[in-house]
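Here are a few exercises to help you find your way around a new structure. Have a look at it first, then try each task before reading the solution.

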Amino acid sequence: MDDQTDRTRKPRADAVRNRERVLEAAKVVFNAGGPEASLEAVAKRAGVGIGTLYRHFPTREDLFEAVYRREVEQLSELAEHLRSAKDPVDALRRWLRSAVEFVATKKGMSAALALTYQSSSELAAFSMDRLTKAIGSLLDRAVEAGQMRGDISPEDLLRALIGMCYMHDQPGWQSSVLRMLDVFVDGLRVQPASKPKARSAKSVRPAVKRKR
């Protein structure tokens, strides 16, 4: 087998599985321990040797970026899946709740991701494009169904979500954000027009004839 064939050969199935295990473990470890969490802890949680981790991700930044891209892709796939949900507002709510978990992972890698973003405008463009399209497809469906206001954009929703997440830095912040998120989504619902209440018989005063 020549070198060219060897270089273009598809990764072995076990190598693909190892890579996915590392990414899933890294998501959990970085979420809990932040950007300073050790790569040894990631390898241990994934059940692989540290050498295997470095073969897939030569630097810490490589691993951070791969985790980030994987999360963005999964949110895009989730939006596609939720487009067939019966209740469009509930579908949007479920996507936003999953996005909170994504932001939690991103917060855990914020320092390293900031450096990666500075050196890779492509990464920033990739994430914004995918996330805007994902949330936009669910928002459009809810608006078309007449269940949500039409004067809000996908960018508005993303900014609101990120703002809610970054307002909270204390342990357990996700639970608080999820409660706020429910209130926010409910506030965007189109409320049925309220009909004027019919006056009761008691409230109708009999006409009084004026004396001439």
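**Exercise 1. The overall layout**

Which pattern does the protein follow, read along the sequence?

*Solution.* Keep in mind that this is a predicted model. Start by going along the chain: the pattern is α-α-α-α-α-α-α-α-α-α. Next, do the tally, which gives 10 helices and 0 strands. Then turn to burial: of the 212 residues, 37% count as buried. Last, check the contacts between residues at least 6 apart in sequence; 70% of them join residues at least 24 apart.

**Exercise 2. The two sides of H3**

Work out how the buried and exposed residues of helix H3 are arranged.

*Solution.* Step one is to pick out the buried residues of H3, which spans residues 39-46: they are Leu39, Val42, Ala43 and Ala46. Step two is to look down the helix axis. The buried residues fall within an arc of 95°, so they line one face of H3. That fits a general rule: an α-helix has 3.6 residues a turn, so residues three or four places apart point the same way. Step three is to flip to the face turned away from the buried side, where you'll find the exposed residues Lys44 and Arg45. Finally, step past the helix: Gly47 follows H3, and its phi is positive, near 75°.

**Exercise 3. The cores**

Find the residues with the most contacts inside the largest nonpolar core, and the helices that build this core.

*Solution.* The largest nonpolar core has 36 residues, and the ones with the most contacts inside it are Leu92, Trp95, Leu96 and Met148. The elements giving two or more residues to this core are H5, H6, H8, H9 and H10. H6 supplies the largest share, 10 residues. Now zoom in on Met148: leaving aside neighbours within four places in sequence, its contacts include Val89, Leu92, Leu139, Val185 and Leu188. Apart from this core lies another one, of 18 residues, and Val42 and Ala43 are among them. You've met that pair already, as buried residues of H3.

**Exercise 4. The largest pocket**

Which residues lie nearest the centre of the largest pocket, and which element gives the largest share of its lining?

*Solution.* First, the size: the volume is about 170 Å³. Second, the lining: there are 15 residues, of which Tyr68, Phe102, Lys106, Leu131 and Ile162 lie nearest the centre. Third, the elements: H5, H6, H8 and H9 each give two or more residues to the lining. The largest share, 5 residues, comes from H6.

Conventions
Residues are numbered from 1 along each chain as its sequence is written. This is a predicted model: local features need pLDDT of at least 70, side-chain atom pairs count only at pLDDT 80 or more; totals for chains, interfaces and linings use all residues. Side-chain values use heavy atoms; hydrogens and water are left out. Buried means under 20% relative accessible area, exposed over 50%, partly exposed in between (1.4 Å probe, protein chains only). Helices (H or I, at least four residues) and strands (E, at least two) are DSSP runs, numbered from the N terminus. The arc is that of the directions from the helix axis to the C-beta atoms. Contact means heavy atoms within 4.5 Å. A nonpolar core is a set of buried Ala, Val, Leu, Ile, Met, Phe, Trp, Tyr and Cys residues joined through side-chain atoms within 4.5 Å. On a 1 Å grid over the protein atoms alone, a cavity is a set of points where a 1.4 Å probe fits but cannot get out, and a pocket is an open set with protein on both sides within 12 Å along at least five of seven lines; lining residues have an atom within 4 Å of a point. Grid points are joined across faces, edges and corners, and a volume is the space filled by probe spheres set on the points.
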